[in-house]
Amino acid sequence: MMKQVIPRHGILIGAALMVSVSIMPAARAQNGEAEKLLKGMADYVSGQKTLTVTYDSDIEVITSKLQKIQFTSSGQVQLSRPDKLRATRTGGYRDVEIVFDGKMLTVNNKDGKDYAQIEAPGTAEELIDVLRDKHGVVAPGADLLLSNVFNVLMTDVVEAAVIGKGVIDGVECDHLAFRNVETDWQIWIESGAKPIPRKYVITSKGIGEAPQYTLRIKDWKTDVAADAFAFKADPSFKKIALGDLSDIDEVPQGTTTKTGDKR
């Protein structure tokens with residue numbers, strides 16, 4: 001059996017951790033600067049009316065033998081504020097698509113060759129809450145796209161620090177670290193005029209072995225195809241009730257604990 005986390009080692013890593021101890025007091029003194037950089041990212045993201053983002057994600061599980069196993073997926077998110085969203089996730093075990101046009105939510109299970117639709121009028125942000133609260137779809141990376149992303153991310157933060165600089169896919173970023181009671185999380189924000197979130201890591205401290213969820217944003221565009229939110233069913237797929245969809249989680253069945261939602 002496995003324990004799953006959402007909100008993911010070696011002599012070299014041990015040495016790096018020893019070095020990091022000496023820089024952390026200075027980093028802790030920069031709480032205000034960390035919040036300022038995060039606020040700049042939040043304002044930039046929430047100011048984009050349309051977005052097309054491609055990503056890779058890693059989620060760790062802990063087996064009954066205390067072995068860490070990672071499951072990796074890739075996908076794309078398209079957003080048109082306030083009420084349109086399309087998200088795909090393809091991994092080794094699932095190929096799933098969610099389409100929302102402001103009135104109808106479609107969950108397209110390409111593996112199972114079926115799909116479900118329910119009426120869900122409202123905004124994309126309200127939809128994210130519905131998916132979390134009623135259907136158990138946590139999607140922690142979705143926090144980065146919310147219009148109130150700063151308030152959401154800063155909820156229950158007890159410590160914030162600017163760690164320094166980092167490079168993600170050749171792009172220089174500001175590396176920030178935050179602590180909550182149950183989780184530690186880090187974010188790498190592109191330096192300069194476009195403070196795009198490039199990497200996001202959530203560590204669940206309340207689970208043994210502290211597994212992590214990692215999101216890496218590979219491509220960020222501020223345009224969306226005109227037909228992005230129109231769902232056209234594959235004629236070979238069967239329409240079923242949402243509750244009858246097979247498991248669409250990115251980790252195969254067999255988990256005993258699912259956690260990691262930072263909020």
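Me: Buried means under 20% relative accessible area, exposed means over 50%, and partly exposed is in between (1.4 Å probe, protein chains only). With that settled, what percentage of the 263 residues in the protein chain is buried?

Reply: Bear in mind that this is a predicted model, where local features need pLDDT of at least 70, side-chain atom pairs count only at pLDDT 80 or more, and totals for chains, interfaces and linings use all residues. Residues are numbered from 1 along each chain as its sequence is written, and side-chain values use heavy atoms, leaving out hydrogens and water. For the protein chain, the buried share of the 263 residues comes to 44%.

Me: How many strands does the protein chain have?

Reply: Helices (H or I, at least four residues) and strands (E, at least two) are DSSP runs, numbered from the N terminus. On that basis the protein chain has four helices, and its strands number 14.

Me: How many residues of strand 2 are buried?

Reply: Strand 2 covers residues 50-63, which makes 14 residues to look at. It is largely enclosed by the rest of the structure, because the buried ones number 13.

Me: Which strand pairs with strand 2 over eight bridges?

Reply: Two strands pair if DSSP finds at least two bridges between them. Strand 3 (residues 68-80) runs antiparallel to strand 2 and is joined to it by 13 bridges; the two form a hairpin with four residues between them, and Leu66 in that turn has a positive phi of about 60°. The antiparallel pairing over eight bridges is with residues 212-221, that is, strand 12.

Me: What is the bridge partner of Asp56 in strand 12?

Reply: Asp56 has a bridge partner in strand 3, namely Ser74. In strand 12, Asp56 has as its bridge partner Arg216.

Me: Which residue besides Thr72 makes a side-chain polar contact of 2.7 Å with Asp58?

Reply: Asp58 sits in strand 2 and counts as buried because its relative accessibility is 8%. A polar contact is a pair of N or O atoms within 3.5 Å; within protein, one must be able to donate a hydrogen and the other to accept it, and residues adjacent in sequence count only if both atoms are side-chain atoms. The side chain of Asp58 has such a contact of 2.7 Å with that of Thr72. At 2.7 Å too, the side chain of Asp58 has a polar contact with that of Arg216.

Me: Which helix gives the most to the largest nonpolar core?

Reply: A nonpolar core is a set of buried Ala, Val, Leu, Ile, Met, Phe, Trp, Tyr and Cys residues joined through side-chain atoms within 4.5 Å. The largest one has 48 residues, with Leu38, Phe178, Ile187 and Trp220 touching the most other members. Six residues of this core, the most from any one element, come from residues 31-46, that is, helix 2.

Me: Which residue completes the aromatic cluster that holds Trp185 and Tyr200?

Reply: Rings of Phe, Tyr and Trp (its six-membered ring) pair if their centres lie within 6.5 Å; planes under 30 degrees apart count as stacked, over 60 as edge-to-face and the rest as tilted. Trp185 and Tyr200 are edge-to-face because their planes are at 75°, with centres 6.1 Å apart. The pair links strand 10 (residues 183-190), home of Trp185, to strand 11 (residues 197-204), home of Tyr200. The cluster's other member is Phe178.
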